[in-house]
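Student: I have a new model open on my screen. Could you walk me through it?

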Amino acid sequence: MNKRFNLPLCLPIEKITSEGLGTITLSFTIPSVLQTQPLPGQYFMIWNPGDDEIPISISNFDSNNSISFTICSEGETSNNLTKKNKSKLIGLRGPFGNGFDIVEKETAVLVAGGMGIAPLRYLIYYLLRRKNIKIILIYGAKVEKELFFKTELDNLSIEKHFCTDDGSIGYKGFPTEILDNLLKTTLEKKSTEIYACGPELMLKAILGVVKRYSLERFTQFSLADRYIRCGFGICGSCTLDDQGLTICHDGPVFRGDLLLNVKDFGLFGRKSDGSKFKL
Ligand SMILES: Cc1cc2nc3c(=O)[nH]c(=O)nc-3n(C[C@H](O)[C@H](O)[C@H](O)COP(=O)(O)OP(=O)(O)OC[C@H]3O[C@@H](n4cnc5c(N)ncnc54)[C@H](O)[C@@H]3O)c2cc1C
Ligand code: FES
């Protein structure tokens, strides 16, 4: 069992990397109280002292206990975090949630949309250590400059398919179209596990594609596009109707066969007051 910090552990920012468009990656060295490595897909609650606390996926973790979080400026707290200087103290609580189930199959297909690349970046490095898994990344964004880590990803020896809505780089269209095409042509379905993270409407479309190939059981979705408050399943802010699953504790990663039976998936999100809104 992994140990986690239930109370924020304040650590100094060791490194800040700009990823463009005001998005930054913050790196910290965490003490070795974590007995095992956190899983890709798990998240930490990141507390900006004097401000608020927000859920952020692990975007990398290495053998030197260096952990990274990539934060894009969406509102007040995330924006304040992107303006921090090196050595400033930040509170970390976690790791929380169920991460990706790492399956030893021949091929791992990773499908990312926008900031959904953050947990999948850590998954890429995690899988690269398992030398026998072929990694195929499909990564889409609205425009070229919103493809985070593009140069870093270009330098990795994995198969990559980039796409943009406006065709400014890569295929002009959506990640779902590339996935559908690969499943139709080259992918050996029995030996493929699919991992996806991005906007929920994209995840819903992916579920539609994989269902056509009866791969919903072998596709894992990170619902990191949802609202999380407490992080450990007690406040109800992140409940998925009508199964009563919590994103923060039961997720954020769920398999497609389970999501097929979740009425809210791809239809309704929840605001911070718990009320629903149409996606
Ligand atoms: C499991 C998980 C992993 C995430 N990983 C990342 C990541 O790696 N990088 C990243 O940039 N963002 C990530 N997010 C989203 C990030 O938590 C929100 O962008 C952030 O909380 C916005 O807070 P704010 O105060 O800056 O914005 P606000 O002004 O409060 O809101 C801006 C937007 O962010 C949403 N939001 C606000 N608070 C939360 C919250 N507590 N949880 C989720 N969404 C919220 C709001 O619904 C709104 O759409 C993740 C979210 C979840 C649930
Ligand atoms: S955020 Fe509190 S139950 Fe999930």
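**Ligand shell and domains**

Tutor: Happily! Around ligand 1 there are 23 residues, and the closest are Ile 54, Gly 75, Thr 77, Ser 78 and Ala 224; a residue counts as near if its C-beta atom, placed from the backbone, lies within 6 Å. This is a predicted model, where local features need pLDDT of at least 70, side-chain atom pairs count only at pLDDT 80 or more, and totals for chains, interfaces and linings use all residues. Residues are numbered from 1 along each chain as its sequence is written, while chains are lettered from A and ligands numbered from 1 in the order written.

Student: Where does ligand 1 lie with respect to domain 1 and domain 2?

Tutor: The bounds, from an automatic or database domain assignment, are 5-96 for domain 1 and 107-278 for domain 2. Both domains give residues to the shell, so ligand 1 lies between them.

Student: How far apart are the centres of the two domains?

Tutor: The centres are taken over C-alpha atoms. On that basis, domain 1 and domain 2 are separated by 21 Å.

Student: Is Leu 279 buried, exposed or partly exposed?

Tutor: Leu 279 follows strand 19 (276-278); strands are DSSP runs of E, at least two residues, numbered from the N terminus. Buried means 20 or more other C-beta atoms within 10 Å of a residue's own, exposed means 12 or fewer, and partly exposed is in between, with C-beta atoms placed from the backbone. Leu 279 has 14 such atoms, so this residue is partly exposed.

Conventions:
Helix = DSSP H or I, 4+ residues; strand = E, 2+ residues; numbered from the N terminus.
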